[in-house]
Each structure stands twice: as structure tokens, then as C-alpha cells.
Amino acid sequence: MSIVTDPEEQYRLITKNLQETLNGQIIKNVLEVEKRPLKIYWGTAPTGKPHCGYFVPMIKLAHFLKAGCEVTVLLADLHAFLDNMKAPLEVVNFRAKYYEYIVKAILRSIGVPIEKLRFVVGSSYQLSQQYTMDIFRLSNVMTQNDAKRAGADVVKQVSNPLLSGLIYPLMQALDEEHLGCDAQFGGIDQRKIFVMAEENLHSIGYKKRAHLMNPMVPGLGQGGKMSASDPNSKIDILEEPKQIRKKVNSAFCAPGEVEGNGLIAFLEYVVQPIQELKAGKEGVFSFEINRPEKYGGPISFDSVDKVKADYASGDLSPVDLKAGVADQIVALLEPIKAEFDADPEFQKIQAQGYPVAQPKKEKKEKKVKNKGTFYPGAGKSQTPPASVEKVTEELKDAKLEG
Ligand code: STL
């Protein structure tokens, strides 16, 4: 991957395919006036196992690296905990490490050099005295409503919201200062937090950063949604080919409808950009569908627009589109799965981050007792939980109901 050095070309690459850029002038100033590499970070909260949607931000990280940026990946472990305990403290450090493995494996698989990529675990600096004081200082210039609104699209919305949901956005704003960056990148769902950061950091003596936002890309579920409750709507990065094909086959794919179609979106936002990165050339695209001879034989496309046109007209059927996209996903995930299968450390960290739930039998027993393990009156004789995750779920349910 050759590094781009012309400031105008760097800016074009940094902002390529984004939905929105706020304060692009800050970026231009760094590149054109200060003439130094742009410092940019992307944060992710290590909650559930990363799925195919992760390719979308990875492609932008590739653009940033190609533009010579100093790129930081924030593994926001405390945020994963603060967002309704999506990651229990007992496993969050393993999940952060697992996310690092996955991010590196994805980038390697698409031919991106990662030597220059910096990984920072949130709790490594977010528990410092200075950071803590900054939370307090920010909490004295922002209202509860400001914080609530900032987190509205990011923090899981529940019936009885926890205080942690107000702390979450404040910390994300502070991360910009404490990671020493010029710009933060994220999905358009982060917009309210980004705007809040721009509006408030100056009140505690810190500078405003630029913000880069990716579009939200439709998934494979109903209406292009990815949902935690529908396992078919998400394909794990380490999913087996058989499972990939099964999930793609069950994907929501309305005949003739291009808008919100997760399979076509995958071609547009993942397959094409990766082909462009690999070729070092824009506009390249080749998509082959291995259709059996008895249904008319192989089909090939050289642009996403042609895929869209043929799908809209009915010339390309959902069945054929699914088969072709499934092949693409299988091929993209193959080297990542191979890396996982060849690395015992990678496997170990996955097992530690995502301990398997206990067998159903025990679950039934618990129901009869109707008391959580951590219920104040619980006797010492109670069996300790096999899965931390499950206990956390129970505590959460108890809270929501109570
Ligand atoms: C998620 C899912 C996702 C992004 C994030 C969280 C972002 C978290 C974050 C936390 C702290 C920061 C920046 C970003 O400073 O796609 O659950």
C-alpha cells in the first residue's frame, strides 16, 4: 500500500465515502499548514463478538493509514461496561484483547499494513486522577439533558435508564483530549456525541476536534436491520462457511428492492472498497455469481450500479444475489478464520472473553429458586455461576422488573 503525501489527495482519501465531516478545516490546517500527519482515532466498545459490519470502519482505517495518518484504535472497555453492562467487568479486558486481534486480522486480510496502528485500552488512562477530574469539570458545565441527548442514539435505551448512560458521552468527549488527537471517526450514530464534544470541550479549556462520520450500512435482517435478538441478521467474523451461507440465505431480501438491501449494501460498502484498496485503483469492481448451468450459467458484473439496475428490473434474482454475496463473504472471512485456527492465543482470548453459557438444566433449577446468585439472602451452599454473562443478565432483568 503506497502512502499518499499530497495534502489535497490526503484530505480526499480521509473523507472519502463519508456521510458527513464536521470541521474539515481543522484537518486541512494540519495537512496544509502544519504539514504533519493527522492524528485520528476510532473508538469501539468491546461488547458482543464483532460481525461483518466491522469491515465498514476497517476500510476507513485503511484510508487513514494510506493517507499517512497516525491512527489510534480505542478499545473502550469502560464504555462497554457503562452501556448497560453490555460487557461485565470480569470479562471486558479479555474482550478488549479479542477486539484487538479481530481488528488486526481484518486489516491484514485486506492487505493493510498495521505496524503504524496504535491500540489503547480505555481504562489504561480513564482511571487517572486527571481524567476523573475532567469528568467532574465537564459535569459542571453540561446539563443532565445535554448528556442524555448526546447519548440518545448510542447508549442502549431502557425503561429505567442508569446514571452510567450520562457518564458515557462525557467520557467519549474527553477521550479526544486524552488520546491527543485532531479528529475522531465513527458512524453517523455517534453524531450527537460528536456535536456535544465540539460544543463543550472549550468550556474546560480543551480544543474542538474534527469529526468524520461513516454512513450506517444496512445489515441482513428485516428492513436491513442487525438485531441482537435475531442471530441470522449478523454474521460473526469467525463464522463457518456453512453458517455464512445459511445466514445469507435467510437474509431479508425483497425482490426488486435495492433500497435498504443488506446484500447489495455489502457489495457497495465492503466488497468494492476492498477491491479498490487491493488494486490501488478506484472504480474497480468485479462480482461473479457462479449460477448453475441449468439456471443460465455464471453471471458477472463490473459495477455496483449494474447490480442495482439488474436487481431492480428483476433480471437478477434474490437467490442468485444471495449465492454470489455468500461466496464473497466466505472468501473475505477465510484468511481471518485461518489466522484464528492457527493461533492458540487468539482462541484462548475468545474463550475467556465469551465463556459459554451453562447448560439448560441448571437454568431450570434457578427458575424454581427464583433468586439470583447474588441475592442478599443467598446461602453459601448455592452453586457459583458458570457464566458471568448470564448472572449479569439476571441482575439486569431483576433491575428492569423491580
Ligand atoms: C459501540 C459500538 C460501536 C461504537 C462504539 C460503541 C463506540 C464507542 C466509543 C467509546 C469511547 C470513545 C469513542 C467511541 O472515546 O460501533 O457499542
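Author: A residue counts as near a molecule if its C-beta atom, placed from the backbone, lies within 6 Å of it. Keep in mind that this is a predicted model.

Reader: OK, so which elements give two or more residues to the shell around the ligand?

Author: Start with who's there: the ligand is surrounded by G43, T44, A45, T47, L74, A76, H79, Q172, D175 and G187. Look for stretches that supply at least a pair of these. The elements giving two or more are β2 (39-44) and α9 (164-178).

Reader: How many residues of that shell are nonpolar, polar and charged?

Author: Glycine goes with the polar group here, which matters for G43 and G187 in the shell. Sorted that way, the shell has three nonpolar, six polar and one charged.

Reader: Where does β2 sit in the sheet, and which strands are at the edges?

Author: The sheet is open, has six strands and mixes its pairing, in the order β1-β6-β5-β2-β3-β4. That order puts β2 between β5 and β3. An edge strand pairs on one side only, and that fits β1 (20-22) and β4 (118-121).

Reader: Which residue of β5 stands opposite W42?

Author: Strand β2 runs parallel to β5 (residues 183-187), and three bridges join them. Check across from W42 in β5 and you'll find F185.

Reader: And what angle does helix α2 make with β6?

Author: Helix α2 (residues 24-33) lies across β1, β5 and β6 (210-214). Compare its direction with that of β6, and the angle is about 115°.

Reader: What share of the whole protein is buried?

Author: The protein has 17 helices and eight strands. Out of its 402 residues, the share that counts as buried is 38%.

How values were computed:
Residues numbered from 1 in each chain as written. Predicted model: local features only at pLDDT ≥ 70, side-chain atom pairs only at ≥ 80, totals over all residues. Helix = DSSP H or I, 4+ residues; strand = E, 2+ residues; numbered from the N terminus. Pairing = 2+ DSSP bridges. Contact = placed C-beta atoms within 7 Å. Axes fitted to C-alpha atoms, helices over the stretch in contact; angles between N-to-C directions. Buried ≥ 20, exposed ≤ 12 C-beta atoms within 10 Å, placed from the backbone.
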